[in-house]
Amino acid sequence: MTTAPTGAAVRPQRHHRRVLTRLLTALALAVGALLVPFASAAPAAESLLSQNKPVVATSAENVAFPATAAVDGNAGTRWSSTFSDPQSIQVDLGATATVSRVVLQWEAAYATGFKLQTSPDGNAWTDIYATTTGTGGTQNLTVNGTGRYVRMYGTARATQYGYSLWEFQVYGTPGGGNPGGGDVQLSYNKPAFASTSQNDGGCGNCLPGKAVDQDPATRWATSAWSDPAWIYIDLGATATIHKVILQWDPAYATAYKLQVSNDAANWSDIYSTTTGKGFKETISNLNGTGRYVRMYGTTRVSQYGYSLWEFQVFGTGGAPATPPALPANPSFPATRLVFSDEFNGTNGTAPDASKWTTDPGAGVNNELEYYTTGNKNLYQDGTGNLVLEARKEVTPGSACPRDPLSGSTTCQYTSGRINTYGHFDFAYGHAEARIKVTGTQGLWPAFWMLGSNFKNGTAWPYSGEIDIMEHVGKVADSVYSTLHAPAYNGGGGYGAPYTLAGQNFADAFHTYAVDWDSTHMTFYVDGNAFFTVDRNVLETTRGPWVYDHPFYLILNNAVGGDWPGAPDATTVFPQKMLVDYVRVYQ
């Protein structure tokens, strides 16, 4: 829970469509499905690779339209997304394949702008088709790509609704040649060297190896803020290079070259640009051979140096080490319950100590409360709720920022905070809680998550933070969902509000949730999806995605702080944050 996020407009609600139109469309597409294999000539060895394979999407309109419906071979069932851009659906073919054709059978809610992309790992994507003039209907597209994963990435909708596919069919042949088919990441944990590197209070341990460690929260940075500067990787043996991914810190190169060498002394250019955009740059269709690969920067975007979170090289040969595997992606809607607390204890009892740890002490963000372990601040009420009660109460011997009302720097308020660290954490899934927030000036209730590595010494925000719900009393009709990472945090976090104009969230219980996997997060209030974070969009516009590891759950009811401001003469105490349940599904 940190300072105020940047805002975004709430998505409009959908109107009902005429049933007749839907039925006629379904019938037409079902007939079309029978004709698709004959619509255009295809290689004799080509086969349908995608049917009934694992599939995930950035969102689903509701449980009636899951991603699996697009690969089930039934032209009468469909996947439909929520109503925002971008959205994507990807299928795991199970092994690397050469993709020769993709058939998209659109419902009336189709994409005018979209890409078809392939990936060896579900993270790094290569475009094999792109359009801004999609026509909907049945699109039978001849393509040429290789990868284990194939994605439709929608960027512009034809209607105010979402994206919807009756069928998403991928055709091709198992295996694949080069470039692309046998490509692997060659650079992971390989020796790296740089013209200079930084290791001081401005950027501690920002050494060359941090750009090849597969940790998006560590980086290399130059200590000399001058041109030129470089970083190179020793791949261990001669390799053929087909793709490079650069995930830049804001200190990026507008002009640079990618170079290869057999001896780290004599370099040959395989790519150059004078219009580097920073953030995540994926340079595909390279064709270079050498043991060493170098980024050679010649012009900086700012007065600072050059800095890379990640420098990844893909191709064949070399002496690659296999990067750590990502956690398994769940299928949404997730239905396997892996954690729950219904808070059904008797009145006045503490929360279940096998699930929760109380977290005493002063808050952060210039908050004014002192979190206690006492049952007066944290207890079950005997009617199925956990209570986190904020009280106007002095804690002798404590230290807080100065309270404007009393002028004291002894903490003038108490409250409750609990977390699941040491009991339960998870990577990917659906987390949900039903909560009645507090609603007076200066209160800041939250349901959120921190990376479990925070407890093992990784500093915030390098651990990552996922705020499922935050509410500040001074904005009664809104709640906020926000991500925080090294490149976007505090008031610059990546998030959006959900607003019920003219209503006060403190007046009733609401359900707050997130769906989270390796490619996206979608946030919900009362089942309404209002904010989707697409990994590729985040990486290419804000900074690294740092959410591929376990996180633990936190509930707290803060008083004061940078965002809500301090209590004033209108503030009413005590204030009870009520939690009906917390559940996690995978």
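Select aspartate 127. This residue is partly exposed, with a relative accessible area of 41% (buried means under 20%, exposed over 50%, partly exposed in between, with a 1.4 Å probe and protein chains only). The model is predicted: local features need pLDDT of at least 70, side-chain atom pairs count only at pLDDT 80 or more, and totals for chains, interfaces and linings use all residues. Residues are numbered from 1 along each chain as its sequence is written, and side-chain values use heavy atoms, with hydrogens and water left out.

Now add lysine 115. Its side chain meets that of aspartate 127 in a salt bridge, 3.5 Å from N to O (a side-chain nitrogen of Lys or Arg within 4 Å of a carboxyl oxygen of Asp or Glu). Aspartate 127 sits in strand β6 (residues 126-131) and lysine 115 in strand β5 (residues 111-119), so the pair ties together parts 12 residues apart in sequence. Strands are DSSP runs (E, at least two residues), helices are runs of H or I (at least four), and both are numbered from the N terminus. Lysine 115 is partly exposed too, at 30% relative accessibility.

Next, select aspartate 227 and arginine 300. Their closest N and O atoms are 3.0 Å apart, in a salt bridge. Aspartate 227 is in the loop between β13 (220-221) and β14 (229-248), while arginine 300 is in strand β18 (residues 288-300), 73 residues apart. The whole structure holds 17 salt bridges.

Move to glutamate 432, in strand β28 (residues 429-436). Which side chain of opposite charge is nearest? Arginine 583, at 4.6 Å; glutamate 432 is buried yet has no salt bridge. Here Lys and Arg count as positive, Asp and Glu as negative; His and the chain ends are not counted. Show histidine 430 as well: a polar contact of 2.8 Å joins its side chain to that of glutamate 432. Such a contact is a pair of N or O atoms within 3.5 Å; within protein, one must be able to donate a hydrogen and the other to accept it, and residues adjacent in sequence count only if both atoms are side-chain atoms.

Then pick leucine 483, in strand β31 (residues 478-484). Leucine 483 is buried, with a relative accessible area of 0%. Select aspartate 183 alongside: the two C-alpha atoms are separated by 32 Å, with these positions 300 residues apart along the chain.

Last stop: Lys280, Arg535, Glu539 and Asp548. These residues are linked in a network of salt bridges.
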